[in-house]
Amino acid sequence: MCLCLGPIKSGKTFLMKRLQGDEIDDATHTVSTNGINLFTIKNNTGEFDIIIKEIGGSMAPIWKHYFDMVRKIIYVVDASNLCQISAAGVLLYSLLVDPRLRNVKIALTLNKMDLSYRQMRNETLLILQYSRLQKEATQELTIFETSGMSGQGIEELRNWIFDPATLKSAINANK
């Protein structure tokens, strides 16, 4: 199972809609998720799909109830919101220390990178104390720079979701 987590208004829903293939334009609007959204994401060929549970940022205190059987987490950080980056770091640390998530793969997704007032990648990683995370975390962390609006980084994220091990297990499940 794959979860999409992150603080309130980090852009999780918009990102998932883009990954799902929904049409996105200047008139596209989302509302904060107060619950769970399910998104069916297809690989590049459309041959395989995976359902991703996006859990609202307001539900952070109960995220832990969804950790069983999780293999991957897409963790979304709004790089345009300086105040939120620190809060996102605290939430991320709470995920990394949970024993059930010891072996998950995490896509640390720096979102809204198309905005002119965003923090640069290095600044965002500094605020998140990424060098410390790398030393202390048992999880495999991969960084993505994305934008739900422009589509930046979406295909790289899709390739991470459907890595060779995931595709192999999907093929075996279909036999």
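This section describes the overall fold of a predicted model, followed by helix 1, two annotated threonines and a nonpolar surface patch.

The secondary structure of the chain consists of 6 helices and 6 strands. In sequence order, these elements follow the pattern β-α-β-β-β-α-β-α-α-β-α-α. The C-alpha trace extends over about 50 × 40 × 30 Å along its principal axes. The radius of gyration is 15 Å, which agrees with the value near 16 Å that a compact globule of 175 residues would have. Of the 175 residues, 46% are buried. Among contacts with a separation of 6 or more, 72% join residues 24 or more positions apart. The accessible surface of the chain amounts to about 9,200 Å², and carbon and sulfur atoms contribute 53% of that area.

Helix 1 comprises residues 12-20, and its buried residues are K12, T13, F14, L15, M16 and L19. The cover over these buried residues is drawn from several parts of the chain. It includes strand 1 (2-5), strand 2 (36-42), strand 3 (49-55), strand 4 (72-78) and strand 5 (105-111), together with helix 5 (154-161). Just after helix 1, G21 adopts a positive phi of about 100°.

The UniProt annotation "binding site", taken from an unreviewed entry, covers T13 and T33. Although these positions are spread over 21 residues of sequence, they cluster in space, with a largest C-alpha distance of 7.6 Å. T13 is located in helix 1, whereas T33 is located in the loop between helix 1 and strand 2. T13 has a relative accessible area of 10% and is therefore buried, the cut-off being under 20%. T33 is likewise buried, with a relative accessible area of 12%.

Neighbours within four places in sequence being left aside, T13 is in contact with T30, T33, N37, F39 and E54. On the same basis, the contacts of T33 are T13, E54, G56, G57 and S58. The two threonines are thus in contact with each other, and E54 appears in both sets of contacts.

A nonpolar patch of about 280 Å² on the surface is formed by I36, L38 and I51. Of these residues, I51 belongs to strand 3, one of the elements covering the buried residues of helix 1. The relative accessibility of I51 is 48%, so this residue counts as partly exposed; the partly exposed class lies between the buried limit of 20% and the exposed limit of 50%.

Conventions
Residues are numbered from 1 along each chain as its sequence is written. This is a predicted model: local features need pLDDT of at least 70, side-chain atom pairs count only at pLDDT 80 or more; totals for chains, interfaces and linings use all residues. Side-chain values use heavy atoms; hydrogens and water are left out. Buried means under 20% relative accessible area, exposed over 50%, partly exposed in between (1.4 Å probe, protein chains only). Helices (H or I, at least four residues) and strands (E, at least two) are DSSP runs, numbered from the N terminus. Contact means heavy atoms within 4.5 Å. Patches are made of residues with over 30% relative accessible area and no salt bridge: like charges are joined within 9 Å, nonpolar side chains (Val, Leu, Ile, Met, Phe, Trp, Tyr) within 5 Å. Accessible areas come from the Shrake-Rupley method with a 1.4 Å probe; for residues, only the protein chains shown count as cover. A salt bridge is a side-chain nitrogen of Lys or Arg within 4 Å of a carboxyl oxygen of Asp or Glu. The radius of gyration is taken over C-alpha atoms; the globule rule is 2.2 Å times the number of residues to the power 0.38. UniProt positions are given in the numbering used here, feature names are shortened, and annotations may be inferred rather than shown by experiment.
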